[in-house]
Amino acid sequence: MASRLVLVIGDLFIPDRAPFKKLLTPGKIGQILCLGNLTDKETYDFLRQIAPDLQIVKGNFDVDAPNLALSKVVTHGSLRIGFTHGHTVIPPGDADSLLITARHMDVDVLLWGGTHKFEAYELEGKFFVNPGSATGAFSTGWFPNGEEPIPSFCLMDVQGDVLVLYVYQLKTDANGVENVGVEKVSFRRNSSQGVF
């Protein structure tokens with residue numbers, strides 16, 4: 001499969017507080033991996049306009065979508081990418097539990113949601129990404145006192161065994177001015193991985 005941008009987004013909850021809508025335009029994104037908690041049809045329709053290939057897994061608040069899978073696997077380049085909301089990972093966000101999930105799904109990359117906080121790291125040759133909450137929705141239990149969720153999402157560009165992750169975060173400075181910051185993170189699958 002040729003390189004194409006993949007939007008990784010989740011935990012939307014508050015569709016009228018979607019700070020990134022202007023950045024997400026049709027025709028630039030080839031696929032969307034939604035990690036759950038879409039919660040309304042209008043947001044679903046908006047995402048379908050951005051990219052017709054919309055893959056969604058069930059979040060713990062997607063009660064009106066009982067037929068959604070809890071996890072899925074897609075392939076881009078030579079990478080197997082698994083995604084899940086994360087509410088089935090116990091304890092939530094735990095690196096060892098996520099590693100077990102990635103091994104169980106037999107994936108090189110595991111995307112998970114639920115914590116509403118961006119994370120990306122490599123562990124035992126696998127890459128783990130949580131895009132955070134696209135709307136900055138509040139979540140209990142995940143943030144230290146006084147820390148606010150930062151709206152965020154990710155774009156992935158996969159070419160062969162290399163994944164380049166672009167992280168978009170809406171940050172507010174001391175004067176209350178909001179700016180979108182973009183960071184770049186790369187992952188290359190170990191070529192000896194999977195060879196026996």
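The following questions and answers explain how terms are applied to this predicted model.

Residues are numbered from 1 along each chain as its sequence is written. Because the model is predicted, local features need pLDDT of at least 70 and side-chain atom pairs count only at pLDDT 80 or more, while totals for chains, interfaces and linings use all residues; side-chain values use heavy atoms, with hydrogens and water left out.

Q: Why is Ser133 called buried or exposed?
A: Buried means under 20% relative accessible area, exposed means over 50%, and partly exposed lies in between (1.4 Å probe, protein chains only). Ser133 has a relative accessible area of 0%, so Ser133 is buried. The residue is located in the loop between strand 8 (126–131) and strand 9.

Q: What is Ser133 in contact with, leaving aside its neighbours within four places in sequence?
A: Contact means heavy atoms within 4.5 Å. On that basis Ser133 is in contact with Gly10, Asp11, His116, Ile150, Pro151 and Ser152.

Q: Why is Val180 described as buried, partly exposed or exposed?
A: The relative accessible area of Val180 is 39%, and therefore Val180 is partly exposed. Val180 belongs to strand 11.

Q: What makes a nonpolar patch of Leu23, Val180 and Val182?
A: Patches are made of residues with over 30% relative accessible area and no salt bridge (a side-chain nitrogen of Lys or Arg within 4 Å of a carboxyl oxygen of Asp or Glu). Like charges are joined within 9 Å, and nonpolar side chains (Val, Leu, Ile, Met, Phe, Trp, Tyr) within 5 Å. Leu23, Val180 and Val182 form such a patch on the surface, with about 230 Å² of accessible area together, by the Shrake-Rupley method with a 1.4 Å probe, where for residues only the protein chains shown count as cover.

Q: How do you know that strand 4 (residues 71–76) and strand 5 pair?
A: Strands (E, at least two residues) are DSSP runs, numbered from the N terminus. Two strands pair if DSSP finds at least two bridges between them. Six bridges join strand 4 to strand 5, and these strands run antiparallel. Ser71, for instance, has Thr84 in strand 5 as its bridge partner.

Q: In which sense do strand 5 and strand 6 (residues 109–112) pair?
A: Strand 5 and strand 6 pair in the parallel sense over four bridges, and Thr84 stands opposite Trp112 in strand 6.

Q: What makes strand 5 (residues 79–84) mostly covered?
A: Five of its six residues are buried.
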